[in-house]
Amino acid sequence: MIDSFGEVEHALIEADVIPEVVPSRFGPEALLVVSWSTGKEATLGNTLNAPDTALAPSISFTPMATQAPYDEVSYTLVMTDPDAPSRKNPRLAQWRHWVVTGIKAPQLTEAVTGHLSAHFTELPVTPYYGPAPPPGTGPHRYVLLLYREPPSGIRIPPDAPERKNSPEHRAKWDAAAFAEEYGLKLVAANFFYVTGAEP
């Protein structure tokens, strides 16, 4: 379990997620919990395996203070691999694994009861594709980023790169550029490792 914003920032820096994926000016505003039905959880750089993370995880995060009413604030979640096809040779990075918009935070009353699961209100823009690092490519970082959407929300056009979801179209993506294009503010991050099988 993640305990503090400082722990998040330290872990991201230690793993070079900052600045390779996340801008160096990032300051967390929420704690992002990512867990799978297999009982596994991402905990800022732990190692998981591909079968345990094959299906889309559940997401929860601590509610954060905003000036807008709860129902008017939405979030976008992405998962990306900056180590494609390997950390030594990331010529296909970033590889886009998941993009979901229109996520709603838990109600404050749910925080009291401990039910912090996010509410998914829209189908994924990029359907979840579980980690599948090629054999012999070593450990890959899988980075999950939670962004606050602008008050007007966002609309991903039908011809946007994020809607082209064959494997070859998921490569060479850039989470930071995507966030800038749609006016998204990064508020939380988490990551884990999956290592490719030995060749």
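This passage describes the nonpolar cores of a predicted model and the surroundings of one of its helices, H5. Local features were considered at pLDDT of at least 70 and side-chain atom pairs at pLDDT 80 or more, whereas totals for chains, interfaces and linings use all residues. Residues are numbered from 1 along each chain as its sequence is written, and side-chain values use heavy atoms, with hydrogens and water left out.

The largest nonpolar core (buried Ala, Val, Leu, Ile, Met, Phe, Trp, Tyr and Cys residues joined through side-chain atoms within 4.5 Å) has 30 residues, and those with the most contacts inside it are Leu145 and Phe191. Two or more residues are given to this core by each of helix H1 (5-14), helix H2 (17-20), strand E8 (139-148), helix H5 (175-182) and strand E9 (185-195), where helices (H or I, at least four residues) and strands (E, at least two) are DSSP runs numbered from the N terminus. A second, separate core comprises 25 residues, including Trp36, Phe61, Trp98 and Ala118.

In H5, Ala175, Phe178, Ala179 and Tyr182 are buried, that is, under 20% relative accessible area, with exposed meaning over 50% and partly exposed in between (1.4 Å probe, protein chains only). Seen down the axis of H5, the buried residues fall within an arc of 100° (taken from the directions from the helix axis to the C-beta atoms), so they line one face of the helix. The face turned away from this buried side carries the exposed residues Glu180 and Glu181. At the start of H5, a side-chain oxygen of Asp174 reaches to within 3.0 Å of the backbone nitrogen of Ala176, while the helix is followed by Gly183, whose phi is positive, near 70°.

How values were computed: Polar contact = N/O pair within 3.5 Å; in protein donor to acceptor, adjacent residues only side chain to side chain.
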